[in-house]
Amino acid sequence: MIIEVKVPMLSESVSEGTLLEWKKKIGEAVSRDEILIDIETDKVVLEVPAPQAGVLTEIVAQNGETVAADQVLARIDTAAVAGTVAPVAAEAAPAAATSAAAMPAAAKLAAENGVDVASLQGSGRDGRVLKEDVQNAAAAPAPAATPAAQPAPAAAPVASAPAPIGTRPEQRVPMSRLRARVAERLLVSQQENAILTTFNEVNMKPVMDLRAKYKEKFEKEHGVKLGFMSFFVKAAVAALKKYPVVNASVDGNDIVYHGFFDIGIAVGSPRGLVVPILRDADQMSIADIEKAIVDYAVKAKNGKLALEDLTGGTFSITNGGTFGSMMSTPIINPPQSAILGMHATKERAVVENGQVVVRPMMYLALSYDHRIIDGREAVLTLVAIKDALEDPARLLLDL
C-alpha cells in the first residue's frame, strides 16, 4: 500500500516553508513516527514524521524547495522490503545525470536567466544545484571579455605577475526564513511605532544576596537553578498591574487593554532570536518561571519550539547583559507596546546616605510606543521595576 507523506497543517500566519534535509534515502526502511525531514517556517522548524512504517519509494520535493500545507513530499510503500527499491534514474546517461543534479526550481530559474547548470557547483546534498546557487550565479558580474592576443615585441622581457598579498573573501548566504521574518517585523516595528526609550539603573545587591542565600535549597527543592530572570518577570508583572497601558496594544484606532500578563522572554537559538511566551506569568511562582525558561531554552537549542510557544505576548523582556551589553535600546516586538532591556551587572561607585560605596549596578531600558504610552507611565513603570528589585519583599507583599 502506498502512503503519501504530506506537509502538516501550518498556522494562519504561516503560508509556506522550506525543506531542510531529508534524513532518509529512497529504498531505506522507515518506522512509524520516524522523522523524515524538517520544514523551516518563519517561526519554527516543523518535523515531518512517517505516517506508517515501510520503505521510502519516492521523494517528490527536494531539499531547499518551498512547500505549502498539505503538499505531497514523498511516498512510502508499507508492503515493500528495504533495499528492493532502486533510486530513480540510477542508470541515466551522464548528460541526464547532469540535469538531474539541479532541483526543479533551480533548473527553471537557470533556463529563465540563461545560466549553465552544468557549470555550477551545487551547495545541496550530494552536490545538487539549488535555487540559491542559480540566483548567486545570475547576480555575479560577467567575466570581462578576453582581448585578442597581440604579438609581443621580440626584445621585450616577460615579467611574471606578482603574487597576491592578501585576499578579500566574501560569502553570500540566503537569510533563513526566521531571520527574514525577524528583519521584517523589526522594520515594521520601527516604521509603525513611535518608539522612545527611557533608562534607569538598579542596585542588584538585594536580589543577588537573596539568590546566594537560597540558591542551593531552591535547586534541591525544585530541581532547577534560581536565576535572575524570574525576579525581573515578577517585577515587570507588578509594574504592569500598576500601569496597565504598558501592557496594552494598538489595534487600528483602539487601545486594547489586556487583563492577563503573557510575558515574552527573548532566547537565542542556532536559527536566531526567538521569543517564547510565559502564559499568565502573574499566576506563576518563581520556580514555575525558572522551569519554563529552562524548558524553552532547551527547545530553542534543539529546534523543538512549537508555533503556540511563540504566539501572542503582551510584554517582552530581553537580556543583552548575557553577552556583555552595558546599554541598548531594545525594539518593541509588535503588536506589543513596550519591552524591557536588561544589561550586564557591573560594580560601580554610587552614593548612599552621603557615602560613596561600591554596588553591583545594572542599567535598565524600557522602549515604549509613545502613541499610547506617555513618558510619565513609562518612567513610573521602570521605577516600579527598579523598586521591586531593590526590595524583593515588595513582590511577596504585592506593594
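Select Glu4, Lys6, Glu58, Asp70 and Arg75: salt bridges link these residues in a network. A salt bridge here is a side-chain nitrogen of Lys or Arg within 4 Å of a carboxyl oxygen of Asp or Glu. Side chains of opposite charge can pair when their charged atoms come close. By this rule the count is 16 salt bridges.

Some notes on the model come next. The model is predicted, so local features need pLDDT of at least 70 and side-chain atom pairs count only at pLDDT 80 or more, while totals for chains, interfaces and linings use all residues. Residues are numbered from 1 along each chain as its sequence is written, and side-chain values use heavy atoms, with hydrogens and water left out.

**The open sheet**

Now show the backbone as a cartoon. The chain has 10 helices and 19 strands; helices (H or I, at least four residues) and strands (E, at least two) are DSSP runs, numbered from the N terminus. Select strands E1, E8, E6 and E3. In that order, these 4 strands form an open sheet with antiparallel pairing. Strand E1 (2-6) and strand E3 (29-30) each have a single partner strand and stand at the edges, so one side of each has no neighbour in the sheet. Two strands count as paired if DSSP finds at least two bridges between them. Strands of a sheet pair through backbone hydrogen bonds, either parallel or antiparallel.

Zoom in on strand E6 (residues 54-59) and strand E8 (residues 72-77), which are joined by 4 bridges in the antiparallel sense. Which residue of E8 is the bridge partner of Leu56? Ile76 is that partner.

**Strand E4 and its partners**

Next, select strand E4 (residues 35-40). Of its 6 residues, 5 are buried, so the strand is largely enclosed by the rest of the structure. Buried means under 20% relative accessible area, exposed means over 50%, and partly exposed is in between (1.4 Å probe, protein chains only).

Add strand E2 (residues 16-19), which runs antiparallel to E4 and is joined to it by 2 bridges. Then add strand E5 (residues 45-49), also antiparallel to E4, with 5 bridges between the two. Ile39 of E4 is a useful residue to label: Leu19 stands opposite Ile39, and Ile39 also stands opposite Leu46 in E5.

**Salt bridges in the helices**

Go to helix H5 (residues 205-222) and show the side chains of Asp209 and Lys205. They meet in a salt bridge, 2.8 Å from N to O. The two residues are 4 apart in the helix, which puts about one helical turn between them. Are they buried or exposed? Asp209 is partly exposed at 40% relative accessible area, and Lys205 is partly exposed at 33%.

Now find Glu390 and Lys386, both in helix H9 (residues 375-390) and 4 residues apart, about one turn of the helix. Their closest N and O atoms are 2.9 Å apart, forming a salt bridge. Glu390 is partly exposed at 26% relative accessible area, whereas Lys386 is buried at 18%.

Then select Asp309 and Lys299, whose salt bridge has its closest N and O atoms 3.7 Å apart. Asp309 is in helix H8 (residues 307-310) and Lys299 in helix H7 (residues 286-302), so this pair ties together parts that are 10 residues apart in sequence. Asp309 is buried, with 10% relative accessibility, and Lys299 is partly exposed, with 26%.

**Charges over rings**

Show Arg211 and Phe228: Arg211 lies over the face of the Phe228 ring, 4.8 Å from the ring centre. A charge sits over a ring if NZ of Lys or CZ of Arg is within 6 Å of the ring centre and within 35 degrees of the ring normal. Then move to Tyr363, where Arg348 lies over the ring face at 4.1 Å from the centre.

**A loop residue**

Select Phe323, in the loop between strand E16 (315-319) and strand E17 (338-342). Phe323 is exposed, at 73% relative accessibility. Add Ala344: the C-alpha atoms of Phe323 and Ala344 are 7.9 Å apart, although the residues are 21 apart along the chain.

**The whole chain**

Finally, zoom out. Of the 399 residues in the chain, 39% are buried. Contact means heavy atoms within 4.5 Å; among contacts between residues at least 6 apart in sequence, 64% join residues at least 24 apart.
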